[in-house]
Amino acid sequence: MHWPIDLIVLTFVIFCAIAAISVKDLLGTAILFGAYSFMMCLLWTVMGAVDVAFTEASVGAGVSTVFFVAAIFRTSRRTKD
Amino acid sequence: MKFLGVVIVCLTGALLLYGTGEFPDWGDPNSPASLHLSNDYIEKAFEETQVPNLVTAVLADYRGFDTMFETSVIFCAGLACFLLLRDFSQKKERFYRHIPTGVILHVKNSKKILKVGKEFEHMDKDWVPSDLIIKTVCRIIIPFIQLYALYVVAHGDFSPGGGFQGGVIFGSSLILLAISYDLKTLVNRIKEKVFGIYAAIGVLIYVGIGAICMPMGGNFLDYSKLAPLVPGDPHHIRALGMLGIEIGVGIAVTAVMAIIYINIVSEGRHDEGL
Amino acid sequence: MTDLLPLIVAKYNYWLYVILMMIGLYAMIAKNNLIKKLVGMNIFQTAIILFYVSIGYKTDATIPIIQNAHGGGSHGAVIHAADYINPLPHVLMLTAIVVSVATFGVAMALAVRIYQRYQTLEEDELRMRLIDIGPEE
């Protein structure tokens, strides 16, 4: 475990989380949330939890982004905050 | 409301930060979580089950009940999506393309459904996926994604992976088919009923393997009692039992992912989507 | 100051997880859009999962897959628990992630249903429409 990698990836995770909840377009939220999940997957790989990282890469960054985009396609991109 | 939210969040965060003072240091090998049960798992799991991947061994064997009910939760989620969204009414407006001439027909307020085949092609109202490059690339890629998913399920015992991951990858290959062609292609190729039946079959395989152990003289999900049924080395029987339930989990997860996607993207009408 | 540095190195991961949890909680409480609330819920969830996984981490240990085990190569070799990362939190959290995507799918289905009926996902507009329609419907 190299702590600089851990610290850099954690910083990216927090930036992605803040951006995902503050951007004023839900499609942007979807993509930033996918980036957040992928960064989380990297973090788990660094921690040695390979199974969890694999699950997060396929589930969090893959399928849940697709569900998100599908739901936005059927509702609206508009958001006030 | 925002101010109140900030106050609540700051209070909770301060309490949690105060609590971290009592935690063991990060990465400490002697933290309480790593002292009791997990050492037994690490030292004895390979000897007992012949499965090198400890996560799979604990997931599918020692904590088999937990995983069984997680699979049931996923099945219930698929069922909930179906019940919330499924709408059996036909849309009145439909679009067709006459393939030889390229003329687009707009059918309004008609019950008559044109036969889709060599002459006519179904078209979506909002989105017309007819890009040759995307279709061709996806057609080439999809079999490899599915092969990889099967590899992930089959090698769950030896490398990272297993039923959940393999099932999700297989489900996403089906979703890719629905996105690159159109939703009709997927729904016509694999009927809605088939997805439902597969989701149920996956859970049934899991519970069935657990239940077969009981007449053989063991407890529920005690794979070591299955040895007389399977030819081969009896030492590997627990690994084979795990492979069986991973296949069940994979089938259930694949079907449920497809059900959720199809229902959300078409608002339950199963006619047109992303 | 020299006492503080080891403390920071030992604990900064936990502090960042707490910050992540706070971001998720704030989005759940203060955001107006239902989908933003869902994103907040997922961030909260992943922060807790991250915390659990980090509990199992051991310095100088490798991933929880027994080495040289393929083909029965390591029969008789003694396995030391300190050489492998604790697999138990990984197992618990692996299933939690898959269940989280299932619940996320159901939540999205609910959001689509709400939009079909009220044509909005904003909480305050939703409240207005509910008042307009009245309690009968």
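Colleague: In which segment of chain B is Glu267(B) found?
Modeller: This is a predicted model, and the placement is read from it. Helix H9 of chain B covers 237-265. Glu267(B) is found in the segment after helix H9.

Colleague: Is Glu267(B) buried or exposed?
Modeller: The relative accessible area of Glu267(B) is 12%. Buried means under 20%. Glu267(B) is therefore buried.

Colleague: Which residues does Glu267(B) touch, not counting residues up to four places away in sequence?
Modeller: From its own chain, the list includes Leu85(B) and Asp87(B). Chain A is represented by Arg74(A). Counting chain C as well, Glu267(B) touches Arg74(A), Leu85(B), Asp87(B), Val112(C) and Gln116(C).

Colleague: How far apart in space are Glu267(B) and Gly208(B)?
Modeller: In sequence, Glu267(B) and Gly208(B) are 59 residues apart. In space, C-alpha to C-alpha, the separation is 34 Å.

Colleague: Which side chain does that of Arg74(A) meet in a salt bridge?
Modeller: A salt bridge needs a side-chain nitrogen of Lys or Arg within 4 Å of a carboxyl oxygen of Asp or Glu. For Arg74(A) the N to O value is 3.7 Å. The partner of Arg74(A) is Glu267(B).

Colleague: How many salt bridges does the structure hold over all chains?
Modeller: The count between chain A and chain B is one, and across the interface of chain C and chain B one is found. Over all chains, the structure holds 13 salt bridges. One of them crosses from Arg74(A) in helix H3 of chain A to Glu267(B) in the segment after H9 of chain B. The total asked for is 13.

Colleague: Is Arg74(A) buried or exposed?
Modeller: Arg74(A) has 10% relative accessibility. The limit for buried is under 20%. Arg74(A) therefore counts as buried.

Colleague: Which residues are joined with Arg74(A) into one network?
Modeller: Arg269(B) forms a salt bridge with Asp271(B), with the closest N and O atoms 3.6 Å apart. Both of these residues are buried. Through salt bridges that share partners, Arg74(A) is joined into one network with Glu267(B), Arg269(B) and Asp271(B).

Colleague: What area is buried between chain A and chain B?
Modeller: The contact takes 18 residues from chain A and 25 residues from chain B. Asp51(A), Phe54(A) and Arg74(A) supply 37% of the area that chain A buries against chain B, more than any other three residues. Carbon and sulfur atoms give 74% of the area buried between the two chains. That area is about 1,800 Å².

Colleague: What area is buried between chain C and chain B?
Modeller: Here 51 residues of chain C are in contact with 56 residues of chain B. Carbon and sulfur atoms give 77% of the buried area. The area is about 5,000 Å².

Colleague: Which residue of chain C forms a salt bridge with Asp25(B)?
Modeller: The rule finds one salt bridge across the interface of chain C and chain B. In the pair that holds Asp25(B), the closest N and O atoms are 3.8 Å apart. The partner is Lys11(C).

Colleague: Which side chain meets that of Asp124(C) in a salt bridge?
Modeller: The N to O value is 3.1 Å, and the partner is Lys80(A). This pair crosses between chains, from helix H4 (residues 123-133) of chain C to the segment after H3 of chain A. Asp124(C) is partly exposed at 30% relative accessible area, and its partner is also partly exposed, at 41%: Lys80(A).

Colleague: How many helices does chain A have?
Modeller: From the N terminus on, the elements of chain A run α-α-α. There are zero strands. The number of helices is three.

Colleague: What share of the residues in chain A is buried?
Modeller: Chain A has 81 residues. Its accessible surface comes to about 2,900 Å², of which 77% belongs to carbon and sulfur atoms. The buried share of its residues is 58%.

Colleague: Is Glu56(A) buried or exposed?
Modeller: Glu56(A) is found in helix H3 (residues 50-74) of chain A. Leaving aside neighbours within four places in sequence, its contacts include Trp44(A), Thr46(C) and Ile97(C). Its relative accessibility is 4%, so Glu56(A) counts as buried.

Note on methods:
Residues are numbered from 1 along each chain as its sequence is written. Chains are lettered from A and ligands numbered from 1 in the order in which they are written. This is a predicted model: local features need pLDDT of at least 70, side-chain atom pairs count only at pLDDT 80 or more; totals for chains, interfaces and linings use all residues. Side-chain values use heavy atoms; hydrogens and water are left out. Helices (H or I, at least four residues) and strands (E, at least two) are DSSP runs, numbered from the N terminus. Buried means under 20% relative accessible area, exposed over 50%, partly exposed in between (1.4 Å probe, protein chains only). Contact means heavy atoms within 4.5 Å. Accessible areas come from the Shrake-Rupley method with a 1.4 Å probe; for residues, only the protein chains shown count as cover. Buried area is the accessible area (1.4 Å probe) that two parts lose on being put together, summed over both.
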